[in-house]
Amino acid sequence: MNKVELTSNKFVKGLLVNRYPQIAVFIVMLAGYIFAILAGIIGTPVGSHNFSIVFVWIAWWAILILVAVPFFGRGWCAVCPIPLPGEWLQRGAVLSPPDKKPKWLNLRWPKALRNIWLQNISFLLLALFSSVLLTTPNVTSIVLAAMLFAAIGLSMIFERRAFCRYLCPVGGFIGLYSQAAPIELRIKDKAACVTCVGKPCYNGSETGYGCPWDVFPGGLTKNTYCGLCMECIRTCPHDNIAINLRPFAADLVKPSTRLDEAFKAFIMLGSAMIYAGVLLGPWGALKDAAYNVDTNAWFLYAIVFLFILFGILPGLFTLCVLCTQSFISLKQYFASLATSLIPLGLMFWVAFSLSFVLTNASYILAALSDPLGLGWNLFGTASTAWQPVLTSIIAPAQTLALVGGLIWSARTAQKAASEVRISAVPVILYALAATLLMLWLLL
Amino acid sequence: MTKRTVWLLLGLVALVVAFAPSPLTPDTSTHDTHVFRIEASQYAYNPGEIAVNPGDTVTIQLVSTDVVHGLYIDGYDLSLEADPGQTVTLTFIADKPGSFRFRCNVTCGAMHPFMIGKLNVGANVTLYRAIGLVLLGVVGAMMFAKRNA
């Protein structure tokens, strides 16, 4: 399938270039985000009746992992409200043309931290406390507020969206999985970028800001670090930026050789499997350990959690790739072949989320009418009883997701292996073993 | 064999694996009666997993040891609620084979949405079919790669 340029349509292009539609969505999102923070603090402590839990961890999560990431890649980042207040402060403007004079400190992000290790760590911090985070409204509020203030603070110290690019716990995995999405922002003609004077897409111009994600669009080869903010479409003087519809997983044809991205793939794969066992399994002791964060059982849980992510999964993977002979370094083909775990991990999360979301979706209606759990009935749906939705299709849908994920992963492994001229079979067997374990946990 | 024939063949085998009657169906001429006493406490059932054969009569005695808990069985759409210290009983015929989650349907605390148990009625055919499809998928991917090499 060839690429289809969506921005060749004047209506689509106009919608993306115009700042007003985007700002309208931003304002709604920011209002929702602030309301979620407030709801967690002043609303009922019962998670399943509080807007902050129901709309963040059921509604938003469902949209993110089942729709936004698989089909729109970093589409969520394009409308995420977290960087907005900081960015407005940083720019000293909301909509007006940029002032070239830098506000605040405007420092470059430290070179040693220009990777996603901090995002891996921030995700793990949330993941280890996820049982509390997913169920306790005020903890969700604290985390949402902390992310907002961290983004504001970093905007005042560093240039561009340092929080989104290097620290956001959600942005890390969205970036990883956005490589599988059938949508991309790319340049049309490389020669136009080479000869372009001033590179306004990166440095900004009177028509828009320099790339907030610190990316030079002319060098974009994958979706991972492009936040789809559309600034480069506004600033490019040569109309050389396009949003394309493309085949799924087009970025994975050229595998990454970065260890931070490889470990992100293991962290996400392992976390999906651990959550499937702990949250959806019938083992009460595991739930107790994961929830009671002030106990020895939680410390043991945390150690096992980290050992699975950083010891067992990458260790077994290393053993698998060692079965093959290659002319390149182990680090390089370890990272290249780990690319094949990206579609597998994404489909593991889809399968996990299907069960979690469909069985708890009915809380959304009740929380819509009574978002704080204070006895309101704004839309007449406050008394909607809990009822799992579509339970008969959960297992078949999960099976389809996991089978599809494994085939997709096997095809990616074959392509990655051919790039480094080694056999893909050990990696496919690794993915098969992980899929069988996930099937056992979910079905 | 042409590429198209191979795909057609794999597709047909996948359909058989997914939908053919299961050879694992147990003898349903005799039906047993099972009584399970399930203790519910934040946020687990004990036992967390119960197994019966299709057609068996199942009686669940739900006992709550701390706060009010419920038990809702996915697929069967049956539920019951137990106040602390009280025992409530539900009897039904396990006429749908498969593996079903049962979960608390009364908000009982923070981890309530994850208070889950498992009812197995006969063999977990869905899991076996899924394993078959997964293996078939890997074989298909390998064959596709070999042919393209």
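Tutor: Before the pocket, a definition: on a 1 Å grid over the protein atoms alone, a cavity is a set of points where a 1.4 Å probe fits but cannot get out, while a pocket is an open set with protein on both sides within 12 Å along at least five of seven lines, and lining residues have an atom within 4 Å of a point. This is a predicted model, in which local features need pLDDT (the predictor's confidence in each residue, from 0 to 100) of at least 70 and side-chain atom pairs count only at pLDDT 80 or more, whereas totals for chains, interfaces and linings use all residues. Residues are numbered from 1 along each chain as its sequence is written, chains are lettered from A in the order in which they are written, and side-chain values use heavy atoms, with hydrogens and water left out.

Student: What is the volume of the second largest pocket, and how many residues line it?

Tutor: The volume is about 980 Å³, taken as the space filled by probe spheres set on the points, which are joined across faces, edges and corners. The lining has 40 residues, and A:Ala395, A:Pro396, A:Thr399, A:Leu443 and B:Thr126 lie nearest the centre.

Student: Which element gives the largest share of that lining?

Tutor: That is α20(A), with 11 residues; helices (H or I, at least four residues) and strands (E, at least two) are DSSP runs, numbered from the N terminus.

Student: Why is there no disulfide between A:Cys211 and A:Cys229?

Tutor: A disulfide is a pair of cysteine sulfur atoms within 2.5 Å, and the sulfur of A:Cys211 is 5.5 Å from the closest cysteine sulfur, in A:Cys229, so the two are too far apart for a bond. By this rule the count over all chains is zero.

Student: Why are A:Cys211 and A:Cys229 classed as they are, buried or exposed?

Tutor: Buried means under 20% relative accessible area, exposed over 50%, and partly exposed in between (1.4 Å probe, protein chains only). A:Cys211 has 11%, and is therefore buried; A:Cys229 has 9%, and is therefore buried too.

Student: What makes A:Val4 partly exposed?

Tutor: Its relative accessibility is 42%, so A:Val4 counts as partly exposed. A:Val4 lies in strand β1 (residues 4–5) of chain A and, leaving aside neighbours within four places in sequence, is in contact (heavy atoms within 4.5 Å) with A:Ile243, A:Asn244 and A:Leu245.
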